[in-house]
Amino acid sequence: MKRLLLHPIHCLAFGFGSGLAAKAPGTFGTLAAIPIVFAMQFTGLLTYTLITIIAAVAGLWICGYTARTLGVHDHPAIVWDEIAGYMIAMIALPFTWYNVLAAFVLFRFFDIVKPGPIGWCDRNLKGGAGIMVDDLLAGAASAIVLHGVHALLDLSL
């Protein structure tokens, strides 16, 4: 499996190697997203949003390609979906320790529990969409909760 990291598409799908963790590869994939989100904070909201959209759309192909290569739908080592989902969870939020932690916890919660449409997508979609869409929705749900909390507490964004 490690030899696949030499291929740029598989390297992305495996979250730069974070998905190869022996335990909880999705959690490690989400952790790998944090420095990416940190770097993107310096690009401005429009660029952050465009990069996130590109990561999400490209992820459909990246994850599908790697899944076909491995012959396993949604192999645990494929964590690009976690990276793109966490990017969505942090959209338009300042990079503070509490936002990073809250987005991490909420995203992992929605990704693991898969309530409502998140679970439906996980069970019913196939290929790259079957790998990506549930995590994109988990990221969106996390962002909605975080922005709602900010609005309720009148925290400045």
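In this predicted model, the buried residues of helix α3 pack against four other helices, namely α1 (8-13), α2 (25-40), α4 (80-89) and α7 (127-153). The residues of α3 that are buried are Y48, T52, A55, A56, G59, I62, C63, G64, T66 and A67. Helix α3 runs over residues 45-70, a total of 26 residues. At 1.5 Å a residue, a helix of this number of residues should span 38 Å, and the end C-alpha atoms of α3 are 36 Å apart, so the two values agree. The helix nevertheless has a bend of about 35 degrees, located at G59. G59 is also one of the buried residues of α3. Just after the end of α3, G71 adopts a positive phi of about 75 degrees.

Helix α6 was examined in the same way. This helix covers residues 116-124, and I118, G119 and C121 are buried in it. When α6 is viewed down its axis, these buried residues fall within an arc of 160 degrees, and therefore they line one face of the helix. The cover over the buried residues of α6 includes α5 (97-113) and α7. Helix α7 also figures among the helices against which the buried residues of α3 pack. On the other side of α6, the exposed residues are G116, P117 and R123. For R123, the relative accessible area is 55%. This value is over 50%, the cut-off for an exposed residue, so R123 counts as exposed. The C-alpha atom of R123 is separated by 12 Å from that of H73, although the two residues are 50 residues apart along the chain.

Aromatic contacts were considered next. The whole structure contains 6 aromatic pairs. One of them is formed by F16 and W80, whose rings are 6.4 Å apart centre to centre, with 70 degrees between the planes. The arrangement of this pair is edge-to-face, because an angle over 60 degrees counts as such. The F16 and W80 pair joins distant parts of the chain: F16 is in the loop between α1 and α2, W80 is in helix α4, and 64 residues separate them. The two partners were also compared by accessibility. F16 has a relative accessibility of 47% and counts as partly exposed, whereas W80, with a relative accessible area of 9%, is buried. A further aromatic pair, W97 with Y98, is also edge-to-face, with 5.8 Å centre to centre and 85 degrees between the planes. W97 is exposed, its relative accessible area being 66%, while Y98, at 39% relative accessibility, is partly exposed. In addition, F38, F42 and F95 are linked into a cluster by ring pairs.

Charged side chains form the last group of contacts. The count of salt bridges comes to 4. In one of them, the side chains of R108 and E82 meet at 3.9 Å, N to O. R108 belongs to helix α5 and E82 to helix α4, so this salt bridge ties together parts that are 26 residues apart in sequence. Both residues of the pair are buried. The relative accessibility of R108 is 11%. Because the limit for a buried residue is under 20%, R108 at 11% counts as buried.

R108 also forms a salt bridge with D111, in which the closest N and O atoms are 2.7 Å apart. These two residues both lie in helix α5, with a spacing of 3 residues, about one turn of the helix. D111 is buried as well, with a relative accessible area of 5%. D111 in turn takes part in a salt bridge with K114, the side chains meeting at 3.1 Å, N to O. Salt bridges thus link E82, R108, D111, K114 and D134 in a network. Within this network, R108 has both E82 and D111 as partners, and D111 has both R108 and K114.

Methods
Residues numbered from 1 in each chain as written. Predicted model: local features only at pLDDT ≥ 70, side-chain atom pairs only at ≥ 80, totals over all residues. Heavy atoms only, no water. Expected span 1.5 Å × (residues − 1). Bend = angle between axes of the 7 residues up to and from the residue. Buried < 20%, exposed > 50% of the residue type's maximum accessible area, 1.4 Å probe, protein only. Contact = heavy atoms within 4.5 Å. Arc of directions from axis to C-beta. Phe/Tyr/Trp six-rings, centres within 6.5 Å; stacked < 30°, edge-to-face > 60°.
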